[in-house]
Amino acid sequence: MTSFTVRTVSRRPAAALFDAALDLGLHTASQARSGERVVRGPASGQLGLGDEVTWRARHLGLWWTMTAAVTEFERPTRFVDEQVRGPFSSFRHEHRFEEHESGTSMTDTIEFTAPLGVPGRAVAALVLRPYLRRLIARRGEFLAHG
């Protein structure tokens, strides 16, 4: 399994940042570089516990399709989305929100397992981990300063 954590600081209150992270329109806007779009499931509004969405996007020069579901939900401090179907053997994204006097810390923890055994682990370490870290950091900045 490969994992990483990205922390983003925002002046927004935790509840506002939590809601923004679940907003489908903001998600699509934050991923405009990859042409990410919903191909199945709700196309607008906010996701909640049990909601499932299939995304299609171009990453690393290839088109990817991944279905994710919100599997844990504790508003406004934490939620988890996980791959239901897609390119990874497993993919879990935990979002945590901690409010401070000056705003909110948003912590994204990603854990994933690439397919294909040893070659997949090498690709995960050398390519996927750094790529996904940058993607999550850009998304966090987009939401934080929205």
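**Entry 1: a charged pair**

I started with E94 and R78, whose side chains meet in a salt bridge at 2.6 Å, N to O. Then I checked where the two sit: E94 is in strand 6 (residues 90-100) and R78 in strand 5 (residues 78-85), so this pair ties together parts that are 16 residues apart in sequence. Note to self: this is a predicted model.

Are these two buried or exposed? I looked up both. R78 is buried, with a relative accessible area of 8%. E94 counts as buried too, at 11%. Both make the cut because buried means under 20%.

**Entry 2: following the partners**

Next I asked which other residue R78 bridges to. I found E74, with the closest N and O atoms 2.9 Å apart. E74 counts as partly exposed, at 39% relative accessibility.

I did the same for E94 and got R96, with a salt bridge of 3.2 Å, N to O. R96 counts as partly exposed at 42%. So each of these bridges joins a buried residue to a partly exposed one: R78 with E74, and E94 with R96.

Do the pairs stand alone or link up, and which residues are in the network? They link up: E72, E74, R78, R92, E94 and R96 belong to a network of salt bridges. For the whole structure, my search turned up seven salt bridges.

**Entry 3: a greasy spot outside**

I switched to the surface and looked for nonpolar patches. One is made by L60, V123, L126 and V127, and it covers about 350 Å². I picked L126 for a closer look. L126 is found in helix 3 (residues 117-145), and it is exposed, with a relative accessible area of 69%. That fits the label, because exposed means over 50%.

**Entry 4: empty space inside**

How do I find a hole in a protein? Rolling a probe the size of a water molecule over the atoms shows where empty space is left. How many cavities of 30 Å³ or more are there? My search of the whole structure found one. The largest cavity has a volume of about 640 Å³.

I then listed what is around the largest cavity: 36 residues line it, and the closest to its centre are H27, E36, W55, M66 and F91. The elements giving two or more residues to this lining are helix 2 (24-30), strand 3 (52-59), strand 4 (62-74), strand 5, strand 6 and helix 3. I had met strands 5 and 6 already, through R78 and E94, and helix 3 through L126.

Last lookup: what classes of residue make up the lining? I counted 24 nonpolar, six polar and six charged residues.

How values were computed. Residues numbered from 1 in each chain as written. Predicted model: local features only at pLDDT ≥ 70, side-chain atom pairs only at ≥ 80, totals over all residues. Heavy atoms only, no water. Salt bridge = Lys/Arg side-chain N within 4 Å of Asp/Glu carboxyl O. Buried < 20%, exposed > 50% of the residue type's maximum accessible area, 1.4 Å probe, protein only. Helix = DSSP H or I, 4+ residues; strand = E, 2+ residues; numbered from the N terminus. Patch = residues over 30% accessible without salt bridge, like charges linked within 9 Å, V, L, I, M, F, W, Y side chains within 5 Å. Areas by Shrake-Rupley, 256 points an atom, 1.4 Å probe, with all protein chains shown as cover. 1 Å grid on protein atoms, 1.4 Å probe; cavity = no way out; pocket = protein on both sides within 12 Å on 5 of 7 lines; lining within 4 Å. Points joined across faces, edges and corners; volume = space filled by probe spheres on them. Nonpolar A, V, L, I, M, F, W, Y, C, P; charged D, E, K, R; others polar.
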